[in-house]
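User: I've got a structure open and want to talk through how it's put together. Can you take my questions one at a time?

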Amino acid sequence: MGGPSAEREVSLSTGRGCADALRVAGFNVVEITLGPDEGASLPARLADARPDVVFNALHGRFGEDGCVQGLLEWLGLPYTHSGVLASALAMDKTRAKQAYREAGLPVVDSVIADREDVRAGHVMPPPYVVKPNDEGSSVGVYIVREGDNAPPLSDAMPARVMVETYAPGRELTTAVMGDRALGVTEIITAGWYDYDAKYAEGGSRHVVPAQIPEDIAAACLDYALRAHRALGCAGLSRTDFRWDESRGLAGLILLETNTQPGMTPTSLAPEQAAHAGIAFPDLCRWMVEDALCRN
């Protein structure tokens, strides 16, 4: 847990929560907390720990993009969540969208543009969203509405960013556990579902199950499972949607799939599992056993 990404604090919270749950489930747990510049020490620390399986609680860059997965493959250690290719593919929003389109899943149009070009003027007609192509947890997301000036992108944004058509509507999400879609949650916030809304206490309200028509709920379950398979995901994933209810099923848009969904006290996947009758320690146990079975 920890690591170098913009989601380090979320990873630490995920790691602590999962370690506690795994102990409740009967496992012997060694916590390895990585500082922002300590990635090179991980092989030696894993060699000292000699784990039967690695529970990957890292988020974002290094932990979720295929890098640590490749290291664990090289070391011959079973690990939770998705493998190298699926992790890298899901983290690259452009390539993930290509996989979704090939699977017949609904996504909005998008382009990759230079940060300075986006600052200088509209690279597509508003409304649109600007985000890093390869970060998660709504890190660095800008919404540009009709009548707005070009967004004042922070220097912390990468040199090239994704610009995509804004999808209006309600925020929905579905977690997938192996070959099973768990349910649909609606996320209600005062504004955009940004980093604080995701992780701050009281930042958002979750309605489980979402109060939506049966055909929309069924489509979310179907699309999330198809997205999980299209990317080649394993273990636990979570796919996010926007739904414009004025357009019915045509208004359901797939945004992205998270291969390392948060496991914090405010996180969505554990909430859905609990609603499906799976307690948090049992969910963490399943993730460990799934990793061992796959390896």
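Analyst: Sure, here is a run through helices, cores, cysteines and salt bridges, keeping in mind that this is a predicted model.

User: Let's start with helix H10. How far apart are its end C-alpha atoms?

Analyst: H10 covers residues 280-294, which makes 15 residues. At 1.5 Å a residue the helix should span 21 Å, and the model agrees with that. The end C-alpha atoms are 21 Å apart.

User: Which residues of H10 are buried, and what arc do they cover around the axis?

Analyst: The buried residues of H10 are Leu283, Cys284, Met287, Val288, Asp290 and Ala291. They sit on the same side of H10, because the arc they cover around the axis is only 160°. That fits a general rule: an α-helix has 3.6 residues a turn, so residues three or four places apart point the same way. So the arc asked for is 160°.

User: And what do those buried residues pack against?

Analyst: Two helices and two strands turn up here, and they come from separate stretches of the chain: 8-24, 170-177, 236-243 and 268-275. In that order, the partners of the buried H10 residues are helix H1, strand E5, strand E9 and helix H9.

User: Since H1 came up, how far does it reach, and which of its residues are buried?

Analyst: H1 has 17 residues, and its reach from first C-alpha to last is 24 Å, close to the 24 Å expected at 1.5 Å a residue. Just after H1, Gly26 takes a positive phi of about 100°. The buried residues of H1 are Val10, Ser11, Leu12, Thr14, Gly15, Cys18, Ala19, Ala21 and Leu22.

User: Which helix supplies the largest share of the largest nonpolar core?

Analyst: That core has 26 residues, and those with the most contacts inside it are Tyr100, Leu172, Leu231, Phe241, Leu252 and Leu254. At least two residues each come from H4, H5, E5, H8, E9 and E10. Eight residues, the largest share, come from H8.

User: What does Tyr100 touch, leaving out residues up to four places away in sequence?

Analyst: Tyr100 is among the residues with the most contacts inside the largest core. With residues up to four places away in sequence set aside, its contacts are Leu105, Val107, Ala227, Leu231, Leu254, Leu255, Glu256 and Thr257.

User: How many residues are in the second, separate core?

Analyst: Its members include Met1, Leu236, Leu283 and Val288. Leu283 and Val288 are also among the buried residues of H10. The second core has 21 residues.

User: Now cysteines. How many disulfides does a search of the whole structure find?

Analyst: Take Cys67: the nearest cysteine sulfur belongs to Cys233 and is 17 Å away, while the cut-off for a disulfide is 2.5 Å. For Cys293, the nearest is that of Cys284, 16 Å away. Cys67 is partly exposed at 43% relative accessible area, and Cys293 is exposed at 70%. The number of disulfides found is zero.

User: On to salt bridges. Where do Asp155 and Arg119 lie, and how many residues apart are they?

Analyst: Their side chains meet in a salt bridge at 2.5 Å, N to O. Asp155 is exposed at 62% relative accessibility, whereas Arg119 is partly exposed at 25%. Asp155 lies in the loop between E3 and E4, and Arg119 in H6, 36 residues apart.

User: Is Arg170 buried or exposed, given its salt bridge with Glu245?

Analyst: The two side chains meet at 3.3 Å, N to O. Arg170 lies in E5 and Glu245 in the loop between E9 and E10, so the pair ties together parts 75 residues apart in sequence. Glu245 is partly exposed at 49%. Arg170, with a relative accessible area of 19%, falls under the 20% cut-off and is buried.

User: Which helix holds both Asp222 and Arg226?

Analyst: These two form a salt bridge, with the closest N and O atoms 3.0 Å apart. They are four residues apart, about one turn of the helix. Asp222 is partly exposed at 35%, and Arg226 is partly exposed at 28%. The helix is H8.

User: Last one: which residues are joined into one network by salt bridges that share partners?

Analyst: The structure holds 18 salt bridges. Some share partners, and the network they make joins Lys97, Lys131, Glu164 and Glu256.

Note on methods: Residues are numbered from 1 along each chain as its sequence is written. This is a predicted model: local features need pLDDT of at least 70, side-chain atom pairs count only at pLDDT 80 or more; totals for chains, interfaces and linings use all residues. Side-chain values use heavy atoms; hydrogens and water are left out. The expected span of a helix is 1.5 Å times one less than its number of residues. Buried means under 20% relative accessible area, exposed over 50%, partly exposed in between (1.4 Å probe, protein chains only). The arc is that of the directions from the helix axis to the C-beta atoms. Contact means heavy atoms within 4.5 Å. A nonpolar core is a set of buried Ala, Val, Leu, Ile, Met, Phe, Trp, Tyr and Cys residues joined through side-chain atoms within 4.5 Å. A salt bridge is a side-chain nitrogen of Lys or Arg within 4 Å of a carboxyl oxygen of Asp or Glu.
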